[in-house]
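Dear colleague,

Please find below the sequence and the structure that I am handing over to you. My notes on what was found follow directly after them.

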Amino acid sequence: MGLVVKKRKWTAKKRNLILTDAPRMVYVDPKKMVEKGEIPFSDQLWVELRSDRNFIIHVPKRNYVLEDINCDAKKWADVLTPLVIQFRDKQHPASGSSAGSS
């Protein structure tokens with residue numbers, strides 16, 4: 001979990017970004033402690049580091065532009081990248097047999 005600023009067009013809102021073991025990413029209003037949305041976890045998700053503080057989570061159909069308040073954007077990339085690889089492996093397991101070939 002970490003405090004981030006979620007940027008979209010002309011708005012910027014502080015949110016707690018929470019990564020669960022499902023894996024699931026939700027963002028919560030830190031004052032009201034109300035879930036405000038979810039970043040869909042996908043085998044196509046990837047993290048782009050823009051600086052120590054800024055990063056983008058790319059998923060199909062949307063990009064989430066985020067700023068880590070603690071200047072630790074790399075932490076998010078380091079945590080999310082292996083999870084995406086594990087998720088991808090579960091979604092598309094490598095098959096050791098050549099079924100259907102003659």
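Leaving aside its neighbours within four places in sequence, with which residues is Asp43 in contact? They are Val84, Phe87, Arg88 and His92. Before I go further, please note that this is a predicted model.

**Asp43**

Asp43 belongs to the loop between β4 and β5. Asp43 is buried, yet no salt bridge is found for this residue. The nearest side chain of opposite charge is that of Arg88, at 5.2 Å. A salt bridge requires a side-chain nitrogen of Lys or Arg within 4 Å of a carboxyl oxygen of Asp or Glu, and therefore a separation of 5.2 Å does not qualify. Arg88 is nevertheless one of the residues in contact with Asp43.

**The sheet**

Seven strands make up an open sheet, and their order across the sheet is β4-β3-β2-β1-β7-β6-β5. The pairing is antiparallel. At the edges are β4 (34–39) and β5 (46–49), each of which pairs on one side only. On average, and with direction ignored, neighbouring strands of this sheet are turned by 35° against each other. As background, the strands of a sheet pair through backbone hydrogen bonds, in either a parallel or an antiparallel manner.

Two of the pairings may be described in further detail. Strand β1 (residues 2–8) and strand β2 (residues 11–20) run antiparallel and are joined by seven bridges. Within this pairing, Leu3 stands opposite Asn16 of β2. Strands β3 and β4 also run antiparallel, with five bridges between them. Here Met25 has Ile39, in β4, as its bridge partner.

**Met33 and Cys71**

The strands β3 and β4 form a hairpin, with four residues between them. Met33 lies in the turn of this hairpin, and its phi is near 55°, a positive value in a residue other than glycine. With a relative accessibility of 56%, Met33 counts as exposed.

Cys71 likewise has a phi near 55°, again a positive value in a residue other than glycine. Cys71 is placed in the loop between β7 and α1 (73–91). Its relative accessible area is 41%, so Cys71 is classed as partly exposed.

**Salt bridges**

How many salt bridges does a search of the whole structure find? The search finds seven. Three of them are described below.

The side chains of Lys7 and Glu67 meet in a salt bridge, at 3.1 Å from N to O. Because Lys7 lies in strand β1 and Glu67 in strand β7, this pair ties together parts that are 60 residues apart in sequence. Lys7 is partly exposed, with a relative accessible area of 31%, whereas Glu67 counts as buried at 15% relative accessibility.

Glu67 also forms a salt bridge with Arg53, the closest N and O atoms being 3.3 Å apart. Glu67 is in strand β7 and Arg53 is in the loop between β5 and β6 (54–59), so this pair ties together parts that are 14 residues apart in sequence. Arg53 counts as partly exposed, at 31% relative accessibility. Lys7, Arg53 and Glu67 are thus linked in a network of salt bridges.

Another salt bridge brings together the side chains of Arg15 and Asp29, at 3.5 Å from N to O. Arg15 lies in strand β2 and Asp29 in strand β3 (residues 24–29), so the pair ties together parts that are 14 residues apart in sequence. Arg15 counts as buried, at 9% relative accessibility. Asp29 is buried as well, with a relative accessible area of 13%.

**Asn63**

Asn63 is located in strand β7 (residues 62–68) and counts as partly exposed, at 44% relative accessibility. Leaving aside its neighbours within four places in sequence, Asn63 is in contact with Ile56, Ile57 and His58. With His58 there is a polar contact between the two side chains, at 2.7 Å. Asn63 and Arg8 are 55 residues apart along the chain, and their C-alpha atoms are separated by 9.3 Å.

Yours sincerely

How values were computed:
Residues are numbered from 1 along each chain as its sequence is written. This is a predicted model: local features need pLDDT of at least 70, side-chain atom pairs count only at pLDDT 80 or more; totals for chains, interfaces and linings use all residues. Side-chain values use heavy atoms; hydrogens and water are left out. Two strands pair if DSSP finds at least two bridges between them. Helices (H or I, at least four residues) and strands (E, at least two) are DSSP runs, numbered from the N terminus. Axes are lines fitted to C-alpha atoms, for helices over the stretch in contact, and angles run from 0 to 180 degrees between N-to-C directions. Buried means under 20% relative accessible area, exposed over 50%, partly exposed in between (1.4 Å probe, protein chains only). Lys and Arg count as positive and Asp and Glu as negative; His and the chain ends are not counted. Contact means heavy atoms within 4.5 Å. A polar contact is a pair of N or O atoms within 3.5 Å; within protein, one must be able to donate a hydrogen and the other to accept it, and residues adjacent in sequence count only if both atoms are side-chain atoms.
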